[in-house]
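The following exercises are to be worked with the sequence and the model at hand. Each task is followed by a solution in steps.

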Amino acid sequence: MDIQSTFESLDKKFTSFGGLQQGGITRLLYSQEWNDAVRELETTFIEAGFEASFDDIGNLTGRLIGSKYPEETILTGSHIDTVVEGGHLDGQFGILSALVAVSYLKDKYGQPLRSLEVLSLAEEEGSRFPYTFWGSKNFFNLAKKSDVDTIEDAEGIKFEDAMRKSGFDYRKTTDVRNDIKAFVELHIEQGKVLETENKTIGVVNGIVGQKRYTINLKGEANHAGTTPMSLRRDTVVAYSEIVTDLTKRAREVGEPLVLTFGHVVPVPNTVNVVPGEISFSVDCRHIDQQLLNDFATEIEDKIKAVATANNMTYDIHLWMDETPTLMDEKIVQIIEQAAKDNVGDQYKVMPSGAGHDSQIFAQYVPTAMLFVPSIDGISHNINEETKIADLVKGIEVLIDVLFELAYKE
């Protein structure tokens with residue numbers, strides 16, 4: 001099997017399901033494009049000699065039965081959905097690379113000792129409906145009917161109506177699989193670290209924890225021409241001080257801590273009035289829970305101090321508090337060795353700054369990830385791309401990892 005040509009052929013075929021004229025893909029959960037893609041993937045699995053099956057909600061697997069330990073499964077794959085006007089690699093590469101890798105192993109070595117299974121998860125992105133990780137959460141009975149039975153997409157189509165129209169329904173069992181001995185997810189980095197450091201493979205040791213806040217400061221709106229600077233309770237000035245001081249502090253703490261001030265709404269947001277109120281978001285991430293907690297305390301203390309010094313009231317709402325997810329040390333070591341064997345020192349052990357299905361799997365089964373570089377760090381964009389040589393190297397490393405996990409005693 002020629003790995004590059006096989007992958008490129010598969011990628012071209014599946015990019016057509018939801019493919020856009022200007023490039024990229026829009027393939028949303030339970031859409032026609034999504035339906036076409038998963039049905040074709042089922043056919044592709046069968047043609048490759050795998051046992052193909054859907055679960056109740058639309059997760060699809062292609063299984064190669066193990067000869068000696070059929071009850072032990074090595075699982076690999078990613079999600080089939082995309083964001084609106086997304087790229088052809090986010091999610092899709094993880095599924096197709098797994099298909100190529102397992103097919104290569106089957107052709108070269110025959111039946112594995114442990115069962116090998118390629119996984120296409122129904123959804124991860126939350127792009128059509130306001131719910132994320134529907135695929136992986138259902139895998140472990142984490143999703144509830146009440147989470148989605150009333151939600152709708154932008155066109156007013158109910159989640160459950162779209163699901164049933166696609167031929168799927170709510171999960172009918174509370175059983176959770178106990179045969180999975182490892183889950184490995186290959187993904188594009190969606191950042192610039194590997195490209196900047198000229199590395200071909202990222203060996204992911206964990207997925208960062210996240211804390212997200214909505215902050216509200218209230219001062220006093222007043223006339224921009226008649227209110228002296230010394231008498232102002234200007235919330236934009238207070239916000240600017242918070243941003244400047246905390247950004248400086250984040251840089252002092254250093255990587256992998258990241259801090260982002262995103263959504264900002266000054267009130268009344270007009271040219272000739274001192275803004276008397278402001279709401280803004282804060283996103284803070286780190287792989288170490290204690291360091292994340294410590295910096296969160298600094299965030300809250302700084303907001304309180306600046307508000308008090310400027311005679312303002314404040315409200316601090318922590319609405320996301322996700323703990324870091326560490327990858328399985330043994331599988332990380334296997335991936336690192338495979339990276340050394342394939343690319344020498346052109347790899348980096350690193351955390352993932354973005355969320356992935358692996359963070360759900362890691363709560364229940366030994367899990368690890370590997371990255372390939374993203375050109376210019378672009379993702380969730382029709383211009384998302386990775387050099388074909390890097391994609392192939394990622395598949396070759398995945399092949400070695402799956403061989404170690406499924407073919408060796």
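**Exercise 1. A residue of strand β5**

Lys181 is partly exposed, with a relative accessibility of 39%; here buried means under 20% relative accessible area, exposed over 50% and partly exposed in between, computed with a 1.4 Å probe on protein chains only. The model is a predicted one, in which local features need pLDDT of at least 70 and side-chain atom pairs count only at pLDDT 80 or more, while totals for chains, interfaces and linings use all residues. Residues are numbered from 1 along each chain as its sequence is written, and side-chain values use heavy atoms, with hydrogens and water left out.

Task: State which residues Lys181 touches, not counting residues up to four places away in sequence.

Solution.
- Step 1. Locate the residue: Lys181 belongs to strand β5, residues 180-188. Helices (H or I, at least four residues) and strands (E, at least two) are DSSP runs, numbered from the N terminus.
- Step 2. List the contacts, meaning heavy atoms within 4.5 Å: Lys181 touches Glu72, Thr73, Ile74 and Pro366.
- Step 3. Set sequence against space: 107 residues separate Lys181 from Ile74 in sequence, yet their C-alpha atoms are 5.8 Å apart.

**Exercise 2. Helix α8**

Task: Determine which residues of α8 are buried and where they lie around the axis.

Solution.
- Step 1. Check the length: α8 has 19 residues, which should span 27 Å at 1.5 Å a residue, and its end C-alpha atoms are indeed 27 Å apart. The expected span is 1.5 Å times one less than the number of residues.
- Step 2. Identify the buried positions of α8: Thr235, Ala238, Tyr239, Ile242, Val243, Leu246 and Ala250.
- Step 3. Place them around the axis: these residues cover an arc of only 135°, so they are on the same side of α8. The arc is that of the directions from the helix axis to the C-beta atoms.
- Step 4. Recall the helix geometry: an α-helix has 3.6 residues a turn, so residues three or four places apart point the same way.
- Step 5. Examine both sides: the buried residues of α8 pack against β7, β9, β11 and α9, whereas Lys248 and Arg251 are exposed on the other side.
- Step 6. Inspect the ends: at the start of α8, a side-chain oxygen of Asp234 comes to within 2.9 Å of the backbone nitrogen of Val236. After α8 comes Gly254, with a positive phi near 90°.

**Exercise 3. The four-stranded sheet**

Task: Give the strand order of the open sheet and explain why β9 and β12 each have one side without a neighbour.

Solution.
- Step 1. Read the order: the four strands run β9-β11-β7-β12, with antiparallel pairing. Two strands pair if DSSP finds at least two bridges between them.
- Step 2. Find the edges: β9 and β12 (313-322) each have a single partner strand, so one side of each lacks a neighbour in the sheet. From one strand to the next the twist averages 15°.
- Step 3. Examine one pair: β7 (residues 209-218) and β11 (residues 277-286) are antiparallel over ten bridges. Within this pairing, Arg212 has Asp283 of β11 as its bridge partner.
- Step 4. Add the helices: helix α9 (residues 289-309) packs on the sheet, touches β7, β9, β11 and β12, and makes about 5° with the direction of β7. Helix α8 lies across β7, β9 and β11, at about 175° to β9. Axes are lines fitted to C-alpha atoms, for helices over the stretch in contact, and angles run from 0 to 180 degrees between N-to-C directions.

**Exercise 4. Backbone exceptions**

Task: Locate the cis peptide bond from Glu255 to Pro256 and the one that joins Val267 and Pro268, and compare the burial of Tyr30 with that of Asn269.

Solution.
- Step 1. Recall the background: most residues other than glycine have a negative phi, and most peptide bonds are trans.
- Step 2. Place the cis bonds: the bond from Glu255 to Pro256 has omega near 10°, and Pro256 is in the loop between α8 (235-253) and β9 (258-267). For Val267 and Pro268, omega is about 15°; Pro268 is in the loop between β9 and β10 (273-274).
- Step 3. Take the positive phi values: Tyr30 has phi near 60°, and Asn269 has phi of about 60°.
- Step 4. Compare burial: Tyr30 is buried at 4% relative accessibility, whereas Asn269 is exposed at 58%.

Terms used: A polar contact is a pair of N or O atoms within 3.5 Å; within protein, one must be able to donate a hydrogen and the other to accept it, and residues adjacent in sequence count only if both atoms are side-chain atoms.
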